[in-house]
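Open the model in your viewer and keep the selection tool at hand. The stops below say what to select next and what is there.

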Amino acid sequence: MRHTISVLVENKFGVLARVAGLFSARGYNIASLAVSETLDPSISYMTIVVEAQDEKILEQINKQLNKLIDVITVTDFTKKAHIDREMVMAKVEYSPKDKAKLESIFDKYVGKIIKAKAGIAIIEAVGDQAQIKGLLEQLDKFGVKELVRTGRLAIAE
Amino acid sequence: MTGAEILLESLKREGVEVMFGYPGGQVLPIFDKLYDSDIKFILTRHEQGAAHAADGYARATGKPGVCLATSGPGATNLVTGIANACMDSIPMIAITGQVKTFLIGNDAFQEADVTGITRPITKHNYLVKDVKELASTIREAFYIATSGRPGPVLIDIPSDVQLADTEFIWPEVPEIRSYKPTYFGHPGQIKKAAKLISDSKRPILYIGGGVISSGAHKELRILAESLKAPLTWTLMGIGAFPGDHELSLGMLGMHGTAYANHAIMESDLIIAIGARFDDRVTGRIDAFAPHAKVIHIDIDPSSISKNVRVDIPIGGDAKNIIGELLEQIKKAPDTTEWLKTVELWKKKYPMKYKDEGKLKPQYVVEEIYNLTKGDAIITTEVGQNQMWAAQWYKYNHPRTFISSGGLGTMGFGFPAAMGAKVAYPEKLVFDIAGDGSIQMNIQELATCVANKIHVKVAILNNGYLGMVRQWQELFYKRRYSHVAITAPDFVKLAESFGAVGIRVTKKEEVRGALEKAAKIDNTVFIDFVVEGEENVYPMVPAGKAINEIIGGLA
């Protein structure tokens with residue numbers, strides 16, 4: 001099962017390697033990872049989506065992260081009210097005659113065309129996991145050539 | 001001051017009296033300042049020896065050990081020693097030179113990404129790129145290495161930083177917002193634990209190295225005696241409680257005593273203190289201690305509930321928590337029946353070996369105990385020698401048994417003995433070694449002789465890499481694949497280094513040789529030519545429940 005956690009860390013070089021190294025050394029899987037500076041430039045915020053079979057593994061991930069000297073706090077969003085979003089960009093096959101059909105998707109699903117030329121449209125969308133999933137299923141009908149995702153961002157309510 | 005001067009001044013202020021290490025191109029500025037320093041420097045013959053010696057010094061004293069090496073190969077040679085200290089939670093400071101800051105990342109001569117390499121095997125590490133941060137980094141490194149669950153901290157210092165000049169400012173003990181070890185237990189949890197203890201019928205104390213690093217051995221003894229609960233310990237917990245005490249069951253686990261393993265399997269309450277339920281202790285985890293509730297006291301929250309289900313977790317320092325528990329336990333459990341049962345196991349499954357035929361390694365270890373009365377510091381290598389040293393010598397004081405527990409590093413014992421001897425020159429220090437292990441850091445014989453670090457090495461020479469041979473005998477149909485190992489003539493070898501060598505082949509010669517070795521004012525190698533295919537028993541095969549014991553039983 002996938003769990004979203006956030007980690008506040010010291011904004012120093014090597015900290016990302018410490019966190020990433022911990023996951024690989026202990027055999028935990030990172031599904032996605034997003035990192036950026038916070039309002040306080042000495043602190044970075046990481047949103048990590050992890051694969052954990054059970055509570056015990058999640059608890060270990062939490063404790064092991066806390067053990068890293070540069071980790072300030074760890075928040076597990078599994079049982080905590082939060083908002084999460086992900087941004088995706090997708091290249092889909094496109095011809096001008098499809099335009100109306102493609103745009104009709106966006107009545108129901110998040111997203112918009114940000115560029116279209118030479119048989120390819122680039123779509124961007126920001127949404128929660130269900131919204132993104134729904135959109136991608138619709139886009140599949142057109143043929144998705146390339147897909148990039150930021151990974152999940154989460155913030156406590 | 002230059003960076004090199006700041007380093008040495010900072011080490012002095014941290015109370016460092018001795019360092020172990022090896023010079024090289026990127027630590028020349030530090031060595032130039034060492035020339036005038038009153039910090040004692042022991043030049044080892046290999047950086048691995050320096051790391052293990054610093055580790056041995058730390059285990060013997062409780063103070064952080066310090067080792068120093070140059071960049072690249074000097075630093076990578078420290079790696080095994082650092083990992084070893086990390087697995088056993090030993091406070092250690094490793095200082096490495098690094099290529100000049102502007103060359104970092106250029107694949108410069110003798111460059112290695114040492115902070116990258118040591119990230120997973122240190123408690124924390126630093127690359128100091130600015131001399132202004134050097135003093136505060138060293139202060140922080142010592143604080144981190146010695147607080148909470150101790151561990152090794154590495155400081156990588158580029159040679160231009162060692163030469164750079166700045167004002168020396170010795171900072172206060174740092175406040176680190178992201179690092180706040182817990183020392184006191186949660187009062188509610190301690191109350192609950194006290195009640196569980198009072199209500200138990202078959203309690204057992206399961207002790208690990210955390211009791212020793214916390215300095216909680218006195219409190220532990222009061223707790224054990226007031227509960228009248230039997231105790232067992234891990235390899236790292238040896239010495240935390242007197243081995244000759246009537247409540248002691250000795251070590252548990254793969255090569256633990258049968259009675260310790262039966263006792264923990266049949267217990268209804270395990271009080272684990274500073275131990276981490278390692279696989280060598282628990283055996284098959286789903287069969288481990290099926291009737292027991294578990295109270296787990298540990299300073300590292302990540303050790304709790306990692307391997308076994310815990311009923312009452314208590315994070316904090318062992319010494320404080322035992323003290324708090326003693327106040328909260330209103331009524332000691334009635335363990336009369338339980339102790340009778342344990343006594344029956346002790347009678348039924350005593351530790352034993354067949355003392356006939358060739359000289360037996362167990363006999364040698366027993367005689368070292370009889371000679372020293374448990375007053376020596378014993379270090380071990382890894383393998384059969386280590387298990388026999390753990391089983392056949394009674395340790396009554398903390399920090400008198402020094403052994404590589406978690407990592408299981410062959411070649412540890414000899415340089416570790418050196419470190420312990422430097423800390424306590426007046427004490428007798430024995431390295432109980434195998435003929436395989438001793439060859440792994442045998443170059444340190446030169447260090448011992450040159451610096452008059454007169455340790456005594458008892459080589460249990462069976463001509464095999466004995467523990468691997470034992471596994472091949474028991475589990476691989478006696479197909480001895482590359483375990484017969486040749487060795488030099490240890491007597492001549494010792495003599496060629498300026499040390500003393502003694503060979504013993506008969507039982508009658510053992511005591512005399514040990515007495516002679518103890519008296520000689522020199523480093524001594526005693527080559528005990530022992531039975532080649534002796535096994536370490538009792539033994540629980542890997543993956544079996546720890547009461548499925550083979551060998552050595554009545």
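Select strand β1 (residues 2-10) and strand β3 (residues 43-51) of chain A: the two pair in the antiparallel sense over nine bridges. Helices (H or I, at least four residues) and strands (E, at least two) are DSSP runs, numbered from the N terminus, and two strands pair if DSSP finds at least two bridges between them. The model is a predicted one, in which local features need pLDDT of at least 70 and side-chain atom pairs count only at pLDDT 80 or more, while totals for chains, interfaces and linings use all residues. Residues are numbered from 1 along each chain as its sequence is written, and chains are lettered from A and ligands numbered from 1 in the order in which they are written.

**The sheet of chain A**

Click on A:Ser6. Which residue stands opposite A:Ser6 in β3(A)? That residue is A:Thr47. In β4(A), the bridge partner of A:Ser6 is A:Thr75. The strands β1(A) and β4(A) run antiparallel and are joined by five bridges.

Now add β2(A), which is joined to β3(A) by eight bridges, again antiparallel. Within this pair, A:Val35 has A:Met46 as its bridge partner in β3(A). With the four strands selected, the order across the open sheet reads β2-β3-β1-β4 (chain A), with antiparallel pairing. At the edges are β2 (29-37) and β4 of chain A, each pairing on one side only. On average, neighbouring strands here are turned by 20° against each other, direction ignored. Angles run from 0 to 180 degrees between N-to-C directions, and axes are lines fitted to C-alpha atoms, for helices over the stretch in contact.

Next, show the helices that pack on this sheet. The helix α1(A) touches β1, β2 and β3 of chain A, and its direction makes about 145° with that of β1(A). The helix α2(A) touches β1, β3 and β4 of chain A, at about 165° to the direction of β4(A). Contact between two residues requires that their C-beta atoms, placed from the backbone, lie within 7 Å.

**The whole of chain A**

Zoom out to chain A, which has four helices and nine strands. From the N terminus on, its elements run β-α-β-β-α-β-β-α-β-β-α-β-β. Its C-alpha atoms fill a box of roughly 55 × 35 × 30 Å along the principal axes. Of its 157 residues, 23% count as buried. A residue is buried if 20 or more other C-beta atoms lie within 10 Å of its own, exposed if 12 or fewer, and partly exposed in between, with C-beta atoms placed from the backbone.

**Where the chains meet**

Show chain B as well. The contact takes 16 residues from chain A and 12 residues from chain B. On the chain A side, the elements giving two or more residues are α1 (15-25), α2 (55-67) and β4 (71-76). Which of the elements gives the largest share of this side? The helix α2(A) does, with six residues.

**The parallel sheet of chain B**

Move to chain B and select strands β7 to β12. Six strands form an open sheet in the order β9-β8-β7-β10-β11-β12 (chain B), and their pairing is parallel. Why is one side of β9 (248-251) and of β12 (312-315) of chain B left without a neighbour in the sheet? Both stand at the edges and have a single partner strand each, so one side stays without a neighbour. Neighbouring strands of this sheet are turned by 15° against each other on average, direction ignored.

In the same sheet, β7 (residues 203-207) and β10 (residues 269-273) of chain B run parallel and are joined by five bridges. Click on B:Pro203 to find B:Leu269 opposite, in β10(B). Helix α8 (residues 187-199) of chain B lies across β7, β10, β11 (293-298) and β12 of chain B, running at about 130° to β12(B).

**A buried residue**

Select B:Ile546, in the segment after β18 (524-529) of chain B. Is B:Ile546 buried or exposed? B:Ile546 counts as buried because it has 25 C-beta neighbours inside 10 Å. Leaving aside neighbours within four places in sequence, its contacts include B:Gly253, B:Met265, B:Phe288 and B:Val540. For a last distance, pick B:Ala263: B:Ile546 is 283 residues from B:Ala263 in sequence but 10 Å away in space, C-alpha to C-alpha.
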